[in-house]
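Visitor: Could we go through this structure together? I should like to begin with the terms.

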There are 2 protein chains.
Amino acid sequence: MPSAPDTHSLNTLVHKLQSIATLSDEERQAILSLPARTRILAPRQDIVHDGDKPSQCCLILDGWTCRYKMLSEGRRQIFSFHIPGDIPDLQSLHLHTMDHSLGTITQATVAYIPHESMRELSTRFPRIGEVLWRDTLVDAAIFREWMIGMGRKSAFGRIAHLFCEMYLKLEAVDLAGDHRCPWPITQVDLGDALGLSNVHTNRVLQEMRGKGLISLRGSTLVIQAWDELMRASEFDPTYLHLEKRAA
Amino acid sequence: MPSAPDTHSLNTLVHKLQSIATLSDEERQAILSLPARTRILAPRQDIVHDGDKPSQCCLILDGWTCRYKMLSEGRRQIFSFHIPGDIPDLQSLHLHTMDHSLGTITQATVAYIPHESMRELSTRFPRIGEVLWRDTLVDAAIFREWMIGMGRKSAFGRIAHLFCEMYLKLEAVDLAGDHRCPWPITQVDLGDALGLSNVHTNRVLQEMRGKGLISLRGSTLVIQAWDELMRASEFDPTYLHLEKRAA
DNA sequence: CGGATGCTTGATATGGCTCAAGGATTGTGG
DNA sequence: CCACAATCCTTGAGCCATATCAAGCATCCG
């Protein structure tokens, strides 16, 4: 019996999970046979809204999404950016009411997987349950790292740190390499993620460009001075808990 | 066969888990038969250190602890405060290297439970595994809420929000009531948790006292104006995902 | 009673915010 | 392929919330 072709949409998930853990052939097959309904969503569109009680989770196949919460007077906090392979609302499996929203940044292709199927899978293959749990724990580790930035780092350090983080996350699922990656995040989004105003975000980015540390044009980020950005932002990738590191 | 007396140290855990989920008698019994080695630790002492690879987790029976990370030049970020019933390093079950430290705030009594026993328990009682997973998800929800504070709220709002949060967490395990709770957190700790200097923390606390919103003396916090603090900090307890709410 | 720890105060400095406007890109419909 | 709208980026000026530095005071505990 031939295995599913590499274009199978759930391969995206297998690939991602293998970046943070090891799976057996049997487990891989089990994941690939999950039921999934695929949809294409426009940019800046909500997938799940604060207060919802979802009965499915959402696997990102293409495009970027973010989790965020709106406050009074139009203030917004973005908690995380998500890329293909991520299940940004995996937590809804065990926290039944959403305490924040999930929306697209770019146009995005997503696969909806019923909670019921995820639960069955975790019961039949406890190891997969553990890996999914692990994924939500890595999410939490990233939250903590953002807290360090917002609590104790300069705007420069926060932005540099996020560049390093997203680059490694993209690289782990083969969406980046050579210190170059897609960057569809606007300066307003970036500010809302890092607790900065758009004006200040803009000025720091110009400083980075001026010093030749990065180039950021046409939705592509090039990290020209990786070591310098890492040093300046006190970036240590341990918290990403990546299992396999690129060469 | 009589059930374990209420003084059984693992009752602390059962009590806490029942504040965020429902357990059957059988599950309760299974938790109570976990093996645990109990120790008393001095204040300001590390329990697990950044970089460790623990083989057990640590249930708080008495006292307060916090998770934190040290940065260059003595800067520190505290990620969370933990109280009796919490297992602050539960994540080490699936993230094998600690990316931060766990230490005591006050003198504390802790019970060490081997990872192996936790894994067995989760396998024999998948429902308990789910509840533990859920607990780590609530942790992450609290991280997100702190991110909102540090990214988008004033010092006043952050402190007020933390007061509301800790009061409800303590109340959920019967350690607070009547808008009064223990508060062993120094002003330096509070600043390190919320991304503030100790000087500014002090001034905001005085403002709160001056306005008659709180009283904070001798390690006891009294929230005199609950509604006002909730309003000013945009506090909405949904993110704590408490199952049973006090009357 | 003395040392340690934590709290309070004043003075000064600054990183980042707000407001406001103009310029550059990008995507879209004709 | 152009024109226009929408979105995003950039710039300047002024200000404020919070940081830093430095010292003295209060409280707790052995």
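Guide: A polar contact is a pair of N or O atoms within 3.5 Å; within protein, one must be able to donate a hydrogen and the other to accept it, and residues adjacent in sequence count only if both atoms are side-chain atoms. This is a predicted model, in which local features need pLDDT of at least 70 and side-chain atom pairs count only at pLDDT 80 or more, while totals for chains, interfaces and linings use all residues. Residues are numbered from 1 along each chain as its sequence is written, chains are lettered from A and ligands numbered from 1 in the order in which they are written, and side-chain values use heavy atoms, with hydrogens and water left out.

Visitor: How many residue pairs are in polar contact across the interface of domain 1 and domain 2 of chain A?

Guide: The rule finds seven such pairs, both residues being at pLDDT 80 or more. Domain 1 spans 11–140 and domain 2 spans 153–240 of chain A; these bounds come from an automatic or database domain assignment.

Visitor: And how many salt bridges?

Guide: There are four between the two domains of chain A, a salt bridge being a side-chain nitrogen of Lys or Arg within 4 Å of a carboxyl oxygen of Asp or Glu. The side chains of A:Arg76 and A:Asp189 form a salt bridge, at 2.7 Å from N to O.

Visitor: What area is buried there?

Guide: About 1,500 Å² is buried between domain 1 and domain 2 of chain A, and carbon and sulfur atoms give 63% of this. Buried area is the accessible area (1.4 Å probe) that two parts lose on being put together, summed over both. On the side of domain 1 of chain A, A:Trp64, A:Phe81 and A:Ile83 lose the most area to domain 2, together 39% of what that side buries.

Visitor: Turning to the DNA, which residues are closest to strand D?

Guide: A:Gln187, A:Asn202, A:Arg203, A:Gln206 and B:Ser197 are the closest of the 14 residues that surround DNA strand D; a residue is near a strand if one of its heavy atoms lies within 4 Å of it.

Visitor: Which part of the strand does each side chain approach, base or phosphate?

Guide: An N or O atom in the side chain of A:Gln187 is 2.8 Å from a phosphate oxygen of DNA strand D. For A:Arg203, a side-chain N or O atom is 2.4 Å from a base nitrogen. B:His200 has a polar side-chain atom 3.3 Å from a phosphate oxygen of DNA strand D.

Visitor: Overall, how much is sugar or phosphate?

Guide: Of the atoms of DNA strand D within 4 Å of the protein, 63% belong to sugar or phosphate, and the rest to bases.
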